[in-house]
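Here are my notes on the model you sent over. Have it open while you read, and take the points in any order you like.

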Amino acid sequence: MRRTLFLLSALLLAGCSAEAPEPTLRATLVGSDDVVLDWPPAEPGAAGRVLEFATGGDYTVLQFMPPAQTRYTHPDLIPHTHFQYRLRPYAGPVSATTEVVLPPGEFDEATQALNHDWAVPVVTPGDPATQHPVRSAEAAPTDFRAVVEHANGIRFTWTDHATDEEGYLLELRTTGDYRVAAVFEPDVTSAGLITLPEEKAATYRVRAFRYGPPSTVADVRTGQED
């Protein structure tokens, strides 16, 4: 993903609310190096889905998507290479929201030179007496707060109430649906975000989550028309 100051985590699959595998994922080669992927809408209860690809090794996240999204184009791929794709749903309770309006200013060289230790994710295991499985609404993060660190930097904090989360998703909305801005490991309760220019004003929330079963794997080889 796009933010260099996050320690983003690739998190392993496990069940969320759905027991049935995700519907069939279809991959179509367009030209010699673009792949168009499409799939049916998500089952009720999914907060969203993540699309991933691999070329024979570990899967890499392409995009976290809202549940209604059913199409994605993966462009300009390496020629004569097998690409494997899969979808995974995710679900889990969210915190309350907070709105942040940043002061004017760009993330220029002077700002980049500042100390950004506040952005490093901090792990604070929750109190066992107040923790619950992710499937429970009581597992939602509480005390969600945002502190503006500079014109393009925000530090978020929250309290962990989940026992079996696979991580936390920081979600933001400027217009339309919320989208995933960053992924954190389990038990993280503080982390920073470097915003994009169009995110001077946005609404944020954090979600404890688990992945659901993956879709069937779609395999396609690029460069087949050469």
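1. Start with Glu199, which is buried at a relative accessible area of 1%; buried here means under 20% relative accessible area, exposed means over 50%, and partly exposed is in between (1.4 Å probe, protein chains only). Its side chain meets that of Arg179 in a salt bridge, 3.0 Å from N to O. For a salt bridge, a side-chain nitrogen of Lys or Arg has to be within 4 Å of a carboxyl oxygen of Asp or Glu. The two residues are 20 apart and link distant parts of the chain: Arg179 sits in strand 12, and Glu199 in the loop between strand 13 and strand 14. Arg179 is partly exposed, with a relative accessible area of 31%.

2. Before going further, a word on what we're looking at. This is a predicted model, so local features need pLDDT of at least 70 and side-chain atom pairs count only at pLDDT 80 or more, while totals for chains, interfaces and linings use all residues. Residues are numbered from 1 along each chain as its sequence is written, and side-chain values use heavy atoms, with hydrogens and water left out. On pLDDT (the predictor's confidence in each residue, from 0 to 100), the protein averages 88, and 88% of the residues score at least 70. Watch residues 1–18, though: pLDDT stays under 50 there, and the model has 68 contacts for them beyond four places in sequence. Contact means heavy atoms within 4.5 Å.

3. Back to charges. The structure holds seven salt bridges, and one of them joins Arg88 to Glu52, with the closest N and O atoms 2.7 Å apart. Arg88 lies in strand 6 (residues 82–91) and Glu52 in strand 3 (residues 48–54), so the pair ties together parts that are 36 residues apart in sequence. Both ends are buried: Arg88 has a relative accessible area of 2%, and Glu52 comes in at 3%. Arg86 belongs here too, as Glu52, Arg86 and Arg88 are linked in a network of salt bridges.

4. Where are Arg155 and Glu149 on the buried-to-exposed scale? Arg155 is partly exposed at 25%, and Glu149 is partly exposed at 31%. Their side chains meet in a salt bridge of 3.1 Å, N to O.

5. Next, the open sheet. Four strands form it in the order 8-13-10-9, with antiparallel pairing. Strands are DSSP runs (E, at least two residues), numbered from the N terminus, and two of them pair if DSSP finds at least two bridges between them. The edges are strand 8 (122–123) and strand 9 (142–150), each of which pairs on one side only. Strand 8 is joined to strand 13 by two bridges, and Val123 stands opposite Val188. Strand 10 pairs with strand 13 over five bridges, with Gly153 partnering Ile194. Strand 9 and strand 10 (residues 153–159) have six bridges, and Val148 has Ile154 as its bridge partner.

6. Strand 13 deserves a second look: seven of its seven residues are buried, so it is largely enclosed by the rest of the structure.

7. The largest nonpolar core has 22 residues, and those with the most contacts inside it include Phe144, Trp158, Tyr168 and Phe184. A nonpolar core is a set of buried Ala, Val, Leu, Ile, Met, Phe, Trp, Tyr and Cys residues joined through side-chain atoms within 4.5 Å. Strands 10, 11, 12, 13 and 14 each give two or more residues to this core, and strand 14 gives the most, with four. A second, separate core of 15 residues includes Leu51, Leu77, Ala218 and Val220.

8. Strand 7 (residues 98–101) has two faces: Thr98 and Val100 on the covered one, Glu99 and Val101 on the uncovered one. Strand 7 pairs antiparallel with strand 14 over four bridges, and Glu99 has Thr203 as its bridge partner.

9. Last, Pro125, in the loop between strand 8 and strand 9. Pro125 counts as exposed at 58% relative accessibility. Leaving out residues up to four places away in sequence, Pro125 touches Asp160 and Asp187. The C-alpha atoms of Pro125 and Val188 are separated by 7.7 Å, with the two positions 63 residues apart along the chain counted as their distance apart.
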